[in-house]
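Here's a quick tour of how the pieces of this fold sit against each other. Have the viewer open while you read.

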Amino acid sequence: MTEITIKPNIYLNIQPTQRFSTIRIEFNFSTEMQAENTADRTLAAKMLENASTVYQSQTQIARALSQLYGADFGIDVLKVGRLHVVKAHMAVIDPHFIDDKQPILEQALAFMKTMLYQPMGNAEQGFDATIFNRQKELLLDEVAGLEDDRPYIANRHALQAYFDDTAQGLPAYGTSNAIENADELSAWRAWEDMIQTNRVDVIVSGDVEPADIQPALDDLVTPQVPAPVQPFYHQLVHATVNHLVEQQPVNQSQLVIIYQLVIPEERRFAAYVFDQIFGGTPVSRLFLDVRETKGLAYGISTDYNRFTDVLLVTAGIADTQIKQTQKAIAANLQKLQVEPISDTELHTIKELMKTEYMVSLDNQSQVTDRAFIATMTKLSQAEWFAALDAVTVADVQSVAKAMIEQVDFVLEGAGDDADE
């Protein structure tokens, strides 16, 4: 891994490897998430993905990518703790695999810079109105489609009930109302702010050297406000559990339980291990007991987010088994709090985590995802394994005792119109 500061607030991180036949390049623009501009940033990302002053149509973009041996390009928005990130990514064939003298890597970087820094529009009127309105319609359709994803909706509503900060409770795209109210000028201004103030992390995975990449980054716009970017969000524990029931026409109810899990930075690997033991794997306590043994859930799992101190338990259950499932989850947590796990169980989970880590190295997008997170955590692969190995039985029990229930949310079936 090679890290280079290009200029204030712009960083290059190279993950050298000969494992892949492609080179993956990412530009990550990060800033603190704010409810009032999340939708505009998302629409700006859509515009940057679909048009620029040089490539003004999908046909022209497709032609340019075809000339780069079928390179793949896209832009996503995501949340990392309290950060909102616009991630532009491109996968292009490794020049070592072709008999062609054209500077493919240089051309790929030039294409990305054109799409990101030369959008189709102007500061007076904003993005091109015709393309913008089309992208806005597509985004609204995409968001509307999420309403049919009951587990997703249950998670979103539970998180909104938990977070004191409105922005933290939002998905990465914002809200439908905010998207509706955005226009081509407000989205353009969000793009200008992104270019002028966001931290930029350029992540590259492949058989490359810094000299292959750095010269193309030297002319990037220097952010005017090189403020430190802080991904961690913490809030005070709520004194009581927020019990919520929402009814929708569904047959399978969704249960979401949110625990606050505040763990010191140096002990976070104990929390990772606990999460996997509690409900993060097919051999976890919740999966084996609640689903397999008791048959209370169609599916059950946990997810720990160290950037927000949230451990989420989600389960798809029958309407008649809500209370039994809640009790079974609580009983499994209590058992982990009072009874130490066995050395065998700890070893099994650690080996599964190591295997998952190694498998992820065969997926280039996961390699760059890990590298981006590593820019904030400063943890190498060797250090990751050492920290995992250091977790003890007592550490896991200590984490279990630190769990504080905050939200108990049920998305419950209602009426005769329930989905079949």
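A crossing of two helices counts as left-handed if the near helix is turned anticlockwise from the far one by less than a right angle, and as right-handed if it is turned clockwise. Keep that in mind for the helix pairs below. One caveat before going on: this is a predicted model.

## Two helix crossings

Start with helix α11 (residues 322-338) and helix α15 (residues 393-402), whose axes come within 7 Å and cross at roughly 135°. Angles over 145 degrees would count as roughly antiparallel and 65 to 115 as roughly perpendicular, and α11 and α15 are therefore oblique to each other. Their crossing is left-handed. On the α11 side, the contact is made by L333, L336, Q337 and V338, and α15 brings in Q397, A400 and K401. Sorted by type, the residues of this α11–α15 contact come out as 4 nonpolar, 2 polar and 1 charged.

Now for helix α3 (residues 104-117) and helix α8 (residues 210-217): their axes come within 10 Å and cross at roughly 30°. This crossing of α3 and α8 is right-handed. L105, L109 and K113 of α3 meet D212, I213 and A216 of α8. The contact of α3 with α8 divides into 4 nonpolar and 2 charged residues, with no polar ones.

## The five-stranded sheet

What is the strand order in the open sheet of 5 strands? Reading across, you get β9-β13-β10-β12-β11, and the pairing is mixed. The edges are β9 (242-248) and β11 (297-305); each has a single partner strand, so one side of each is left without a neighbour in the sheet. On average, and ignoring direction, neighbouring strands here are turned by 15° against each other.

At the β11 edge, 8 bridges tie β11 to β12 (residues 310-318), and the two strands run antiparallel. If you want a specific spot to click on, N305 sits opposite V310 in β12.

Two helices lie across this sheet. Helix α5 (residues 150-162) lies across β9, β10 (252-260), β12 and β13 (404-413), running at about 35° to β10. Helix α11, already met in the crossing with α15, lies across β10, β11, β12 and β13, at about 30° to β10.

## The six-stranded sheet

There's also an open sheet of 6 strands, ordered β1-β2-β8-β3-β5-β4, again with mixed pairing. Here β1 (2-7) and β4 (72-80) hold the edges with a single partner strand each, so one side of each has no neighbour in the sheet. From one strand to the next, the twist averages 20°.

Strand β4 is joined to β5 (residues 83-93) by 9 bridges, and the pair runs antiparallel. Within that pairing, D76 has K87 of β5 as its bridge partner. Helix α1 (residues 38-50) lies across β3 (22-32), β4 and β5, running at about 170° to β4.

## An aromatic pair

How many aromatic pairs does the structure hold? The count is 15. For one of them, W188 and W191, the ring centres are 4.9 Å apart and the planes stand at 55°, so the pair is tilted. That fits the cut-offs, with planes under 30 degrees apart counting as stacked and over 60 as edge-to-face.

Where do these two tryptophans sit? Both W188 and W191 lie in helix α7 (residues 184-197), 3 residues apart, which is about one turn of the helix.

Key. Residues are numbered from 1 along each chain as its sequence is written. This is a predicted model: local features need pLDDT of at least 70, side-chain atom pairs count only at pLDDT 80 or more; totals for chains, interfaces and linings use all residues. Side-chain values use heavy atoms; hydrogens and water are left out. Two strands pair if DSSP finds at least two bridges between them. Helices (H or I, at least four residues) and strands (E, at least two) are DSSP runs, numbered from the N terminus. Axes are lines fitted to C-alpha atoms, for helices over the stretch in contact, and angles run from 0 to 180 degrees between N-to-C directions. Contact means heavy atoms within 4.5 Å. Angles under 35 degrees count as roughly parallel, over 145 as roughly antiparallel, 65 to 115 as roughly perpendicular and the rest as oblique. Ala, Val, Leu, Ile, Met, Phe, Trp, Tyr, Cys and Pro count as nonpolar, Asp, Glu, Lys and Arg as charged, and the others, Gly among them, as polar. Rings of Phe, Tyr and Trp (its six-membered ring) pair if their centres lie within 6.5 Å; planes under 30 degrees apart count as stacked, over 60 as edge-to-face and the rest as tilted.
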